[in-house]
Amino acid sequence: MGFLWTIAELLVALVFIIASFLLTAVVSEAYRRRHNNTHVDAPAFFEDPNSLKQVPCPHIHDPAEKYISLVIPAFNEEHRLPGALDETINYLQERAAKDKSFTYEVVIVDDGSADATKRVAFDFVKKYTVDNVRVILLGRNHGKGEAIRKGMLHSRGELLLMLDADGATKVTDLEKLENQIHAVARKEFHLGDSTSSDSSFRISDIPLAAFGSRAHLEEKALATRKWYRNFLMKGFHLVVLLTAGSGIRDTQVKFCNIYTHACAQAHTHLWLLVRH
């Protein structure tokens with residue numbers, strides 16, 4: 001019996017040492033990133049595929065020039081990106097044909113891809129013009145959070161939407177978030193039943209955000225995920241419950257987010273990494 005207790009104590013000590021090492025590594029990396037912002041402050045640019053010149057990107061503090069900007073972060077997505085872009089642009093063109101006031105841009109952020117993602121993205125720029133499709137090159141891989149951040153900060157839309165390059169989110173779902181943004185604007189800012197009644201109204205002037213969630217599909221997701229992913233997810237949920245309380249139901253499965261131009265302007269220093 002004493003031998004078993006000794007083994008148990010050694011295992012507990014080993015787990016403690018490993019956990020301490022991991023915690024130290026995480027804290028050290030967080031401190032390094034907090035005090036070394038060169039990867040954040042590097043200027044973004046897009047290229048005109050016709051002239052092959054690098055052109056400075058517009059900034060979020062510039063006036064909005066489009067109704068909506070769709071930001072697509074991409075890292076080694078040469079195979080999945082074409083399908084997602086075809087579906088997205090077809091949808092946007094259909095809406096533009098029905099509503100002449102509907103203008104758009106698709107901002108593809110190449111996060112230092114090692115494959116042909118850049119070439120695929122520029123093929124769409126050539127096909128649909130640089131006014132409607134733009135490519136931001138980060139040069140090297142900074143991670144999805146930074147790619148989203150750069151795309152948002154250099155977009156021209158009154159509304160800014162993030163979509164994944166793998167097509168996991170249907171672009172038609174943006175209408176649900178878009179309608180919610182307008183509904184909240186009408187309710188909270190007393191704009192009446194229709195924002196069109198006020199010709200001076202622009203949704204970009206109101207700081208609002210809407211978040212889509214897959215929380216209602218959690219049971220289905222649990223059935224298809226690997227057991228260790230479910231274990232890690234439940235562990236993370238427990239940490240959130242203990243630290244933030246029980247009011248947060250969906251901590252990591254938001255499928256798309258939409259922001260107004262004013263909301264993005266107000267939070268240029270608060271963009272956080274959100275993994276899906």
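Start in the middle: the largest nonpolar core has 38 residues. Select Ile 68, Leu 70, Leu 81, Val 106, Ile 108 and Val 133, the residues with the most contacts inside this core. Now colour the elements that give two or more residues to it: β3 (66-74), α3 (81-98), β4 (104-110), α4 (117-128), β5 (133-137), β6 (157-162) and α6. Keep in mind that you're looking at a predicted model.

If you wonder what to expect from a core, here's the rule of thumb: in soluble globular proteins, nonpolar side chains tend to be buried together.

**Stop 1: Leu 70 and its neighbours**

Zoom in on Leu 70 and show what it touches. Leaving aside residues up to four places away in sequence, Leu 70 has contacts with Thr 88, Leu 92, Glu 105, Val 106, Val 107, Leu 161, Leu 163, Val 171 and Leu 174. Apart from the core you started in lies another one, of 16 residues; to find it, select Val 109, Ile 136, Met 152 and Leu 160, which are among its members.

**Stop 2: the strands**

Next, show β3 as a ribbon. How many of its residues are buried? Nine of nine, so to speak a strand that is mostly covered. Follow β3 across to its partners. With β4, β3 pairs in the parallel sense over seven bridges, and you can pick out one of them by selecting Ser 69 with its bridge partner in β4, Glu 105. With β6, β3 also pairs in the parallel sense, over five bridges; here, look at Lys 66, which stands opposite Gly 157 in β6.

Move on through β4 to β5. These two strands pair in the parallel sense over five bridges, and Val 107 stands opposite Arg 134 in β5. Now select β5 by itself. Five of its five residues are buried, so β5 is largely enclosed by the rest of the structure. In a regular strand the side chains alternate between the two faces of the sheet. Turn β5 to check each face: Val 133, Val 135 and Leu 137 are on one side, Arg 134 and Ile 136 on the other, and all of them are buried.

**Stop 3: helix α3**

Select α3 next. This helix has 18 residues and reaches 26 Å from its first C-alpha to its last, close to the 26 Å expected at 1.5 Å a residue. Show the side chains of its buried residues: Leu 81, Ala 84, Leu 85, Thr 88, Ile 89, Tyr 91, Leu 92, Arg 95 and Ala 96. Look down the helix axis and you'll see that the buried residues of α3 fall within an arc of 160 degrees, so they line one face of the helix. What do they pack against? The buried residues of α3 pack against β3, β4, α4, β5 and α6. Flip to the face of α3 turned away from its buried side, and you'll meet the exposed residues Ala 97 and Lys 98.

**Stop 4: helix α6**

Go to α6, residues 174-188. At 1.5 Å a residue, its 15 residues should span 21 Å, and the end C-alpha atoms are 21 Å apart, which agrees. Select Leu 174, Leu 177, Glu 178, Ile 181, His 182 and Ala 185, which are buried in α6. They cover an arc of only 135 degrees around the axis, which puts them on the same side of α6. You've already met Leu 174 as one of the residues that Leu 70 touches. On the face of α6 turned away from its buried side, look for the exposed residues Lys 176, Asn 179 and Lys 187.

**Stop 5: the aromatic rings**

Last stop: the structure holds three aromatic pairs. Select Tyr 67 and Phe 102, a tilted pair at 5.6 Å centre to centre with 55 degrees between the planes. Tyr 67 lies in strand β3 and Phe 102 in the loop between α3 and β4, so the pair ties together parts that are 35 residues apart in sequence. Now add Tyr 104. The rings of Phe 102 and Tyr 104 have centres 6.4 Å apart and planes at 35 degrees, so this pair is tilted. Tyr 67, Phe 102 and Tyr 104 form one aromatic cluster.

Are these rings buried or exposed? Tyr 67 is buried. Phe 102 counts as buried at 5% relative accessibility, and Tyr 104 is buried with a relative accessible area of 7%.

**Zooming out**

Show the whole chain again. The protein has nine helices and eight strands, and buried residues make up 42% of its 276 residues. Among contacts between residues at least 6 apart in sequence, 76% join residues at least 24 apart.

Terms used: Residues are numbered from 1 along each chain as its sequence is written. This is a predicted model: local features need pLDDT of at least 70, side-chain atom pairs count only at pLDDT 80 or more; totals for chains, interfaces and linings use all residues. Side-chain values use heavy atoms; hydrogens and water are left out. Helices (H or I, at least four residues) and strands (E, at least two) are DSSP runs, numbered from the N terminus. The expected span of a helix is 1.5 Å times one less than its number of residues. Buried means under 20% relative accessible area, exposed over 50%, partly exposed in between (1.4 Å probe, protein chains only). The arc is that of the directions from the helix axis to the C-beta atoms. A nonpolar core is a set of buried Ala, Val, Leu, Ile, Met, Phe, Trp, Tyr and Cys residues joined through side-chain atoms within 4.5 Å. Contact means heavy atoms within 4.5 Å. Rings of Phe, Tyr and Trp (its six-membered ring) pair if their centres lie within 6.5 Å; planes under 30 degrees apart count as stacked, over 60 as edge-to-face and the rest as tilted. Two strands pair if DSSP finds at least two bridges between them.
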